[in-house]
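User: I have a new model on my screen and would like to understand the labels people attach to it. Could you take me through the reasoning behind them?

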Amino acid sequence: MLQRLIPALDLPPQKAISHSLADPPLHLTVTERDRYTLTCKLTYEFVDDEGVRRQPDLWVRIYRDAGVAEALNQPNRPPWEAEGEGDPWAERFLDEQWRRNLTLGKWLEYLIDNGHGFGRNDANVSAAA
């Protein structure tokens, strides 16, 4: 799904905005590039009487070599220790991670269905300042 939203995963722009007739502008910000991973933030930009709001701030780590992605609660996952019967914090984290990844999958499907995309030749994409 993410490959359809960002076809050029090897070299997406540092910042870009996708425009859709059905949705607010979608902002892509690449926050970290490594040899095998790419970390980025996806967020809508809402403009109303109170000003500009960007929500949700969904952080995504893309594992380019494996062809998978995970939604992050924050840019870095915290470490944990598995002792005895395991760390209850780790189980809670994994449950939350499962929910974040389900949300990511559903949101990506929604974004694609509503015309968003960050392809190099897409007419609905503009560079962000």
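Analyst: Happy to help; below we go label by label, setting each value against its cut-off.

User: Before the details, how far does the confidence go in this model?

Analyst: This is a predicted model, so pLDDT comes first. The mean pLDDT of the protein is 81, and 79% of its residues reach 70 or more. Strand β2 has the highest confidence, with a mean of 92, while strand β6 (residues 125-127) has the lowest, with a mean of 58. Where pLDDT is low, the predicted coordinates should not be read in detail.

User: What makes up the fold, and in what order?

Analyst: There are two helices and six strands. Starting at the N terminus, the order is α-β-β-β-β-β-α-β. Of the 129 residues, 36% count as buried. Among contacts between residues at least 6 apart in sequence, 46% join residues at least 24 apart.

User: Why is the pair Glu 45 and Arg 54 called a salt bridge?

Analyst: The closest N and O atoms of Glu 45 and Arg 54 are 2.7 Å apart. The limit is 4 Å between a side-chain nitrogen of Lys or Arg and a carboxyl oxygen of Asp or Glu, so the pair qualifies. The two partners sit in unlike surroundings: Glu 45 is buried, because its relative accessible area of 18% is under 20%, whereas Arg 54, at 43%, is partly exposed.

User: How many salt bridges does the whole structure have?

Analyst: Two turn up in a search of the whole structure. Asp 48 and Arg 53 also form a salt bridge, at 3.1 Å from N to O. Asp 48 has a relative accessibility of 33%, and Arg 53 likewise has a value of 33%. Buried ends at 20% and exposed begins over 50%, so Asp 48 and Arg 53 are both partly exposed.

User: How do you know that Asp 23 has no salt bridge?

Analyst: The nearest side chain of opposite charge, Arg 53, is 13 Å away. A salt bridge needs the atoms within 4 Å, so Asp 23 has none, although it is buried. Asp 23 is in the loop between β1 (15-18) and β2 (26-33).

User: What does the side chain of Asp 23 contact instead?

Analyst: Its side chain makes a polar contact of 2.9 Å with that of Tyr 44, and another of 3.5 Å with the side chain of His 116. His 116 is not counted as positive, so that contact is not a salt bridge. Leaving aside residues up to four places away in sequence, the residues that Asp 23 touches also include Tyr 110, Leu 111 and Asn 114.

User: Why is Glu 70 called buried?

Analyst: Its relative accessible area is 8%, under the 20% limit, so Glu 70 counts as buried. Glu 70 belongs to strand β5 (residues 68-72). A polar contact of 3.4 Å links its side chain to that of Gln 97.

User: And what about Gln 97, buried or exposed?

Analyst: Gln 97, in helix α2, has a relative accessibility of 7%, so it is buried too. Its side chain reaches the backbone oxygen of Ala 71 at 2.6 Å and makes a polar contact of 2.8 Å with the side chain of Arg 100.

User: Which residues touch the most other members of the largest nonpolar core?

Analyst: Leu 5, Leu 42, Val 60 and Phe 118 do, within a core of 22 residues. The elements giving two or more residues to this core are α1 (2-5), β2, β3 (37-48), β4 (51-63) and α2 (88-113). Helix α2 gives the largest share, five residues. In soluble globular proteins, nonpolar side chains tend to be buried together.

User: What does Leu 42 touch?

Analyst: Not counting residues up to four places away in sequence, its contacts include Leu 5, Val 60 and Phe 118, along with Trp 107 and Leu 108. Pro 56 is another of the residues that Leu 42 touches.

User: Where is the cis peptide bond that involves Pro 56?

Analyst: The cis bond runs from Gln 55 to Pro 56, with omega near -15 degrees. Pro 56 lies in strand β4.

Key:
Residues are numbered from 1 along each chain as its sequence is written. This is a predicted model: local features need pLDDT of at least 70, side-chain atom pairs count only at pLDDT 80 or more; totals for chains, interfaces and linings use all residues. Side-chain values use heavy atoms; hydrogens and water are left out. Helices (H or I, at least four residues) and strands (E, at least two) are DSSP runs, numbered from the N terminus. Buried means under 20% relative accessible area, exposed over 50%, partly exposed in between (1.4 Å probe, protein chains only). A polar contact is a pair of N or O atoms within 3.5 Å; within protein, one must be able to donate a hydrogen and the other to accept it, and residues adjacent in sequence count only if both atoms are side-chain atoms. Contact means heavy atoms within 4.5 Å. pLDDT is the predictor's confidence in each residue, from 0 to 100. A nonpolar core is a set of buried Ala, Val, Leu, Ile, Met, Phe, Trp, Tyr and Cys residues joined through side-chain atoms within 4.5 Å.
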